Amino acid sequence: MDLIIDHVPGSSGAVVIAGGRAKTAGAVVEQLTAARPGLRLQLWRGTTRYAADDVPTSPFARCVVAGAILGGKGGFGALLRNLGKAGGGAQTRDFGACRDLSGRRLRHVNDEIALERWHKARERSEARKRAGGGAAPPDDEDEATPGHGIRGWHLAVPNWAELPTKARKNKAQGRREARGRRWQDEEADVLASGCSTRDFEGAVTMVDTIHEGFCIVDGDCYVPHCANTKAAEDDWSGCGDQPQLRIGDRLQVSAALRPHGRNRWTAYKASRVATAAAGKARKGREKAIDRHVRKPKYIKDRHEAAAEAKEKERRRGARDKGPAPVADGDAIRATRARR
């Protein structure tokens, strides 16, 4: 007995399966699928689905495509965002009340990560102290900072959150990047930007003696510490053999027209060509406030290490020269009496 099947994909009308009522529904589906690879077909009678081992009891059946498309049409997240905007809701950066796929609150997961990082930082600090290097600076962390810029949040933000496109960069990360830059990097950025540049020789009019990060030349040119092209021979920080920058020193500067604070020019290459004469009256201003502002820990450690190295070198030179000769008092008196 034949089986008449409607709604078969790729057929304009009903499909007649010869002897279909004597076969199982699974055999009929396999016969239909052989001509239509890639489709998952099901055999139904009204609202009842035939199982694979069922035999059709009616001469009529319909074919249903099952599992061809996974999931729905989507758009639910966009609907929620639009509803939030319509209700006048403000953007939020607090996602602690959300849950992950295991049902845990995100604030609890974030607190565990923060506690684990704190323990790692404490172990690094104790290991550094045992090695005699002092406590590590607070911004020397090997943990990667997430790109969303939310302070204290170590997880990724939900994909439905609409955060500002420009993520905030914390101060510690900015200081790490600034210390890692070289004058070659600054020069490459300036040449790529195509801004106006000039080369000149000027006098230092202000020196930062706290963080040793910059100086001002001719009162209108900002010179960062990474612009020093002769850092190996002339270390401005005072850790080398040369003294720190002082007001009145002469610098050969290559600067770009990039305003920085009150200064119109920003230097990307600089080298000291002359030092100020000793005792000469200096014109300008200097941030000499070491008496009431404490320097960062890593700068004090660097200066102490440099001073200790110089002292060891002095003692080594004194040992190589040998002990000083001892004067004979009787011989000196006899020589004076002969005179």
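Which residue in β5 does Trp44 stand opposite? Keep that one in mind as you move through this predicted model; the answer comes up at the third stop.

**Stop 1: the whole chain**

Start with everything shown as a cartoon. The protein chain has 339 residues, and 25% of them count as buried. Its secondary structure amounts to 7 helices and 10 strands. Switch on the surface if you like: about 23200 Å² is accessible, with 52% of that belonging to carbon and sulfur atoms. Contacts across the sequence are worth a thought too. Taking those between residues at least 6 apart in sequence, 58% link residues at least 24 apart.

**Stop 2: the open sheet**

Now look for the open sheet of 5 strands, which reads β2-β1-β5-β3-β4 and has mixed pairing. Select 15–17 for β2 and 48–49 for β4: these are the edge strands, and each has a single partner strand, so one side of each has no neighbour in the sheet.

**Stop 3: β5 and its two partners**

Next, select residues 60–65, which make up strand β5, together with residues 3–6, strand β1. These two run parallel and are joined by 3 bridges. Show side chains here and you can follow the register: Ile4 is opposite Phe60 of β5, and Ile5 is opposite Ala61. As you step along, remember that side chains in a regular strand alternate between the two faces of the sheet.

Then turn to the pairing of β5 with β3, which is antiparallel and has 4 bridges. Here is the answer to the opening question: Trp44 stands opposite Arg62 in β5.

**Stop 4: the helix on the sheet**

Add residues 25–34, helix α1, to your selection. Helix α1 packs on the sheet, where it touches β1, β2, β3 (41–45) and β5. If you line up your view along β3, the direction of α1 makes about 130° with that of the strand.

**Stop 5: Ser254 and its contacts**

Move on to residues 250–256, strand β9, and pick out Ser254 within it. Is Ser254 buried or exposed? Its relative accessibility is 13%, so Ser254 counts as buried. Leaving aside residues up to four places away in sequence, Ser254 touches Arg198, Asp199, Ala267, Tyr268 and Lys269.

**Stop 6: Arg198 over two rings**

Stay with Arg198, one of those contacts of Ser254, and show the side chains of Phe200 and Trp265 as well. The charged end of Arg198 sits over the Phe200 ring, 4.0 Å from its centre. That charged end also sits over the ring of Trp265, at 4.6 Å from the ring centre.

Methods. Residues numbered from 1 in each chain as written. Predicted model: local features only at pLDDT ≥ 70, side-chain atom pairs only at ≥ 80, totals over all residues. Heavy atoms only, no water. Buried < 20%, exposed > 50% of the residue type's maximum accessible area, 1.4 Å probe, protein only. Contact = heavy atoms within 4.5 Å. Areas by Shrake-Rupley, 256 points an atom, 1.4 Å probe, with all protein chains shown as cover. Pairing = 2+ DSSP bridges. Axes fitted to C-alpha atoms, helices over the stretch in contact; angles between N-to-C directions. Lys NZ or Arg CZ within 6 Å of the ring centre and 35° of its normal.
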